[in-house]
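Colleague: Could you take me through one strand of this model in detail, beginning with its burial and then moving on to its partners and to what lies across it?

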Amino acid sequence: MRIRLLTLGPQEIKYWTEQILDVYRQAFAAPPYNTQEEGVQSFGLVLPRHSLRSGFRFHAAYDEEAQRIAGFIYGYTSRPGQWWHDTIREAMPHAMACEWFQDTLELVELAVLPGAQGRGLGGWLHDILLQNTPHRTALLSTYDGETNGMQLYRKRGWLPLLPHFYFPSGDKPMSIMGRQLR
């Protein structure tokens, strides 16, 4: 597998949308995620809106041999008025929210094709996203269980801030995690 990094802005994401959605579909199809096609299409609607947010960064691992995206990661600056930001900030104790929601990068999605997992792509993408970010802290939500994602985040210094968290209308336990960046 020969991998090349693609850094995509809003216009480039439009070109790569089908491959991005396919990676998302395959990465989150199996348990414990069990993402159905409706969830994939919902992600496809939200990604273009996210791409217009302040501090947006999107990186993809492009497999040159297969001529396709094998994984991707993205995030942006977390701000009041954004659903995730407001939901998590409200759930946190005041002191915790003040500490973690100042100059924050929200890591929104990290997805790698199942056949490409275990080769370091997720960690590589993770490190590139956080590299040279001007933010003081980073936050994310991930399934609260022993997944490859959870292992990667713990290995890279993420701390569980709100374990066993349920989003409104959510049916899966999530862990809200944070990492100091500087």
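Modeller: In this predicted model, strand E4 is mostly covered, with nine of its nine residues buried. E4, which spans residues 104-112, runs antiparallel to strand E3 (residues 68-77), and seven bridges join the two. Within that pairing, Tyr76 stands opposite Glu106 in E4, while Thr77 has Leu105 of E4 as its bridge partner.

Turning to the other partner, E4 is joined by three bridges to strand E5 (residues 137-143), and here the two strands run parallel. Leu105 takes part on this side as well, since it stands opposite Ala138 in E5; Leu105 of E4 is thus the bridge partner of Thr77 and also faces Ala138. The connection from E4 to E5 involves helix H5 (residues 121-130), and the three elements together make a right-handed β-α-β unit.

Seen in the wider setting, E4 belongs to an open sheet of seven strands, whose order is E1-E2-E3-E4-E5-E7-E6 and whose pairing is mixed. The edges of that sheet are taken by strand E1 (3-7) and strand E6 (159-165), each of which has a single partner strand, so that one side of each is left without a neighbour in the sheet. From one strand to the next, the twist averages 20°.

What lies across E4 is helix H1, which also lies across E1, strand E2 (57-63) and E3, and which runs at about 100° to E3. One residue of this helix deserves a closer look, namely Asp22, which lies in H1 (residues 10-27). Asp22 counts as buried because its relative accessibility is 19%, and the cut-off for burial is under 20%. Its side chain makes a polar contact, at 3.0 Å, with the side chain of Arg68, and E3, as residues 68-77, begins at that position. When neighbours within four places in sequence are left aside, Asp22 is in contact with Arg68 and Leu113.

To draw this together, E4 has nine of nine residues buried, pairs antiparallel with E3 through seven bridges and parallel with E5 through three, and has H1 lying across it.

Terms used: Residues numbered from 1 in each chain as written. Predicted model: local features only at pLDDT ≥ 70, side-chain atom pairs only at ≥ 80, totals over all residues. Heavy atoms only, no water. Helix = DSSP H or I, 4+ residues; strand = E, 2+ residues; numbered from the N terminus. Buried < 20%, exposed > 50% of the residue type's maximum accessible area, 1.4 Å probe, protein only. Polar contact = N/O pair within 3.5 Å; in protein donor to acceptor, adjacent residues only side chain to side chain. Contact = heavy atoms within 4.5 Å. Pairing = 2+ DSSP bridges. Axes fitted to C-alpha atoms, helices over the stretch in contact; angles between N-to-C directions. Right-handed = clockwise from strand over helix to strand, strands pointing away.
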